[in-house]
Amino acid sequence: MLVGIVFSIGFTVSTQRVRSEQRRQAGMREVIANAQPVIAAIRAYAKQHGKPPESLESLKKPLPQPGPMAKNGWTYTPYDTSWTLAIAVNQGYTPHVTFSSLGNVLGVTHFS
């Protein structure tokens, strides 16, 4: 009987991990898809003005939200000739996600 209980607990934990990972991956795909128009708008602005916008509001157009995994909206940081676009995610969706103007590389940062 003890073996059956241990097997049942192990199977439940394993199933929860799989579901959690599937949810995380679906959330990441949504953030990446929602980031594409934001990235395109930032790049278009930078091409037209010779530098990235000072803020996302400078783009003067409605932008998609990151999705339900985000704690808040986009966190945008402009630099002289580059920028980063990031989100902080809700618990259970780690890691945090950052897009960069440097090759549009998706950076993933784990916080403990």
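**Notebook: one aromatic pair and a nonpolar core**

I looked up Y76 first and found it buried, with a relative accessible area of 13%, where buried means under 20%, exposed over 50% and partly exposed in between, using a 1.4 Å probe and protein chains only. W83 is buried as well, at 4%.

I note that this is a predicted model, in which local features need pLDDT of at least 70 and side-chain atom pairs count only at pLDDT 80 or more, while totals for chains, interfaces and linings use all residues. Residues are numbered from 1 along each chain as its sequence is written, and side-chain values use heavy atoms, with hydrogens and water left out.

I searched the whole structure for aromatic pairs and found one. Y76 and W83 form this pair, which is tilted, with 6.5 Å from centre to centre and 35 degrees between the planes; rings of Phe, Tyr and Trp (its six-membered ring) pair if their centres lie within 6.5 Å, and planes under 30 degrees apart count as stacked, over 60 as edge-to-face and the rest as tilted.

I then turned to the largest nonpolar core (buried Ala, Val, Leu, Ile, Met, Phe, Trp, Tyr and Cys residues joined through side-chain atoms within 4.5 Å), which has 19 residues, and V38 and W74 are among those with the most contacts inside it. The helix α1 (2-49) and the strand β2 (83-87) each supply at least two residues of this core, and α1 gives the most, with eight.

Leaving aside neighbours within four places in sequence, I found V38 in contact (heavy atoms within 4.5 Å) with L56, L63, P64, W74 and L85.

Terms used: Helix = DSSP H or I, 4+ residues; strand = E, 2+ residues; numbered from the N terminus.
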